[in-house]
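The following paragraphs lead through the structure shown below, beginning with its internal space and proceeding to individual residues.

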Amino acid sequence: MNVLEIHGLTKKFGDFIAVDNMSLSVKEGEIFGFLGSNGAGKSTTIHLVASLLRPTSGEIRILDQDILKHSRFAKMNLGIVPQDLAIYQDMTAYENVKFFAGLYGLRGAELKDRAEEALRFVGLEDKAKSFPKNFSGGMKRRLNIACAIAHRPKLIIMDEPTVGIDPQSRNYILTSVRKLNEMGCTIIYTSHYMEEVEEICSRIAIIDHGKIIADGTKEQLIATITDVKEVRIELKQQGEVFLELIRTIPGVRSLTAKEEEIRIYSDLSVDNLSGILKRLIDGGAVIRSVEEQEPNLETVFLTLTGRNLRD
């Protein structure tokens, strides 16, 4: 069955259409990756599902119940792990979880047990009496998750849960996502770290300009761009300053730069590498290495949207 169904969803802010007649479903048991650049409509969609915004038109159903007509049912079955930390610094970890779980109607012994269970799940049971203001970034992120899962929701939205934390905490959270899924939770997962989505998501949708432009497994999405090649060029200088030199070369679809590396996505049928290298060298670039890559999820995203996730 579908845990989440979206039909003809539209959200306008004045003349601006943030979500444009979107239809989407998330099946029970999926870890569903939801990708989009800043301004693509991803956050607005999440806010609509979470009932933080009302749609201009369309329908959202959680476990086959309209969230506007059955708002309490929808909220009881939905957990939100927001990108911005939603915890109180002057309350202990246990008090934080107990407070948020109490908003869902849990009381007495059940509330106490669920709060302790959630802290135990995220590995913070020994910090129950400690205050978040003394926690590391990774510990705060884990507490954020505990606050979202104590009422045992069927659907959990995780909006960039690993942003700005150390690798060990990141791995812990990714392992926790898998465990929640194994326990029966359906998860919608957003991240700017493409490798995370590739690693844990069973299905992925890409949103751009308020519309779903691709939806499928990683393998299915990659298969849609078999006519694209990716070349990575490492320089001795910052790559950003050379992008405009090669953007207009025939066959180039999109390109991005990160520090000294340039990534170029171009038509497989166009032999343009020599022209790209010549233009870079003539422009003063010192090339360290050139490597052709197999298509991956990032190749798909940049090919379809022409934009980096953080644009």
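A search of the whole structure, which is a predicted model, finds 1 cavity of 30 Å³ or more. The space in this largest cavity amounts to about 70 Å³. Its lining is formed by Leu4, Ile6, Leu24, Val26, Phe32, Phe34, Thr45, Ile46, Val49, Ile157 and Ile188. Four elements, namely β1 (2-13), β2 (16-27), β3 (31-35) and α1 (42-49), each contribute at least two residues to that lining. The largest share, 3 residues, is supplied by α1.

The open spaces may be considered next. The largest pocket holds about 590 Å³ of space. It is lined by 22 residues, of which Ala50, Leu52, Gly79, Ile80 and Tyr104 are the closest to its centre. At least two lining residues come from each of α1, α2 (71-76), β6 (78-81) and α5. Helix α1 is thus named both among the elements that line the cavity and among those that line the pocket.

These spaces belong to a chain with 11 helices and 14 strands. Along the principal axes, the C-alpha atoms of the protein chain fill a box of roughly 70 × 45 × 35 Å. Of the 311 residues in the chain, 50% are buried. Considering contacts between residues at least 6 apart in sequence, 69% join residues that are at least 24 apart. The accessible surface comes to about 14,900 Å², and carbon and sulfur atoms account for 48% of it. The chain carries 40 positive and 44 negative charges, whose mean positions are 6 Å apart.

Which residues of helix α3 are buried? The helix spans residues 93-102, and 7 of its 10 residues are buried, so that α3 is mostly covered. The buried residues are Ala93, Tyr94, Asn96, Val97, Phe100, Ala101 and Gly102. The elements that cover them include α4 (108-121) and α5 (137-149). Helix α5 also supplies at least two residues of the lining of the largest pocket.

Attention now turns to single positions. Thr186 is placed in strand β8 (residues 186-190). Is Thr186 buried or exposed? Because its relative accessibility is 1%, Thr186 counts as buried. Beyond its neighbours within four places in sequence, Thr186 is in contact with Val3, Val26, Lys27, Glu28, Gly29, Glu30, Lys154, Leu155 and Ile156. One of these partners, Val26, is also a lining residue of the largest cavity.

A further pair of buried residues links a strand with a helix. Glu230 lies in strand β11 (residues 228-235), and Thr299 lies in helix α11 (residues 297-305). Glu230 has a relative accessible area of 0% and is therefore buried. Thr299 likewise has a relative accessible area of 0%, so Thr299 is buried. Leaving aside neighbours within four places in sequence, the contacts of Glu230 are with Arg263, Ile264, Tyr265, Glu291, Glu292, Gln293, Glu294, Asn296 and Thr299. On the same basis, Thr299 is in contact with Ile225, Val228, Glu230, Tyr265 and Glu294. Tyr265 and Glu294 therefore appear in the contact lists of both Glu230 and Thr299.

Two distances help to place these residues. Glu230 and Lys258 are 28 residues apart along the chain, and their C-alpha atoms are separated by 15 Å. Thr299 and Leu48 are 251 residues apart in sequence, with a C-alpha to C-alpha distance of 29 Å.

Finally, two loop residues merit inspection for their backbone geometry. Ser51, which is not a glycine, has a positive phi near 65 degrees. Ser51 belongs to the loop between α1 and β4 (57-62). With a relative accessible area of 29%, Ser51 is partly exposed, because that value falls between the limits of 20% for buried and 50% for exposed residues. Glu259 also has a positive phi, of about 55 degrees, although it is not a glycine. Glu259 is found in the loop between β12 (252-258) and β13 (261-267). Its relative accessible area of 52% is the reason why Glu259 is classed as exposed, the threshold being over 50%.

Key: Residues are numbered from 1 along each chain as its sequence is written. This is a predicted model: local features need pLDDT of at least 70, side-chain atom pairs count only at pLDDT 80 or more; totals for chains, interfaces and linings use all residues. Side-chain values use heavy atoms; hydrogens and water are left out. Buried means under 20% relative accessible area, exposed over 50%, partly exposed in between (1.4 Å probe, protein chains only). Contact means heavy atoms within 4.5 Å. Accessible areas come from the Shrake-Rupley method with a 1.4 Å probe; for residues, only the protein chains shown count as cover. Lys and Arg count as positive and Asp and Glu as negative; His and the chain ends are not counted. The place of a charge is taken as NZ of Lys, CZ of Arg, CG of Asp or CD of Glu. On a 1 Å grid over the protein atoms alone, a cavity is a set of points where a 1.4 Å probe fits but cannot get out, and a pocket is an open set with protein on both sides within 12 Å along at least five of seven lines; lining residues have an atom within 4 Å of a point. Grid points are joined across faces, edges and corners, and a volume is the space filled by probe spheres set on the points.
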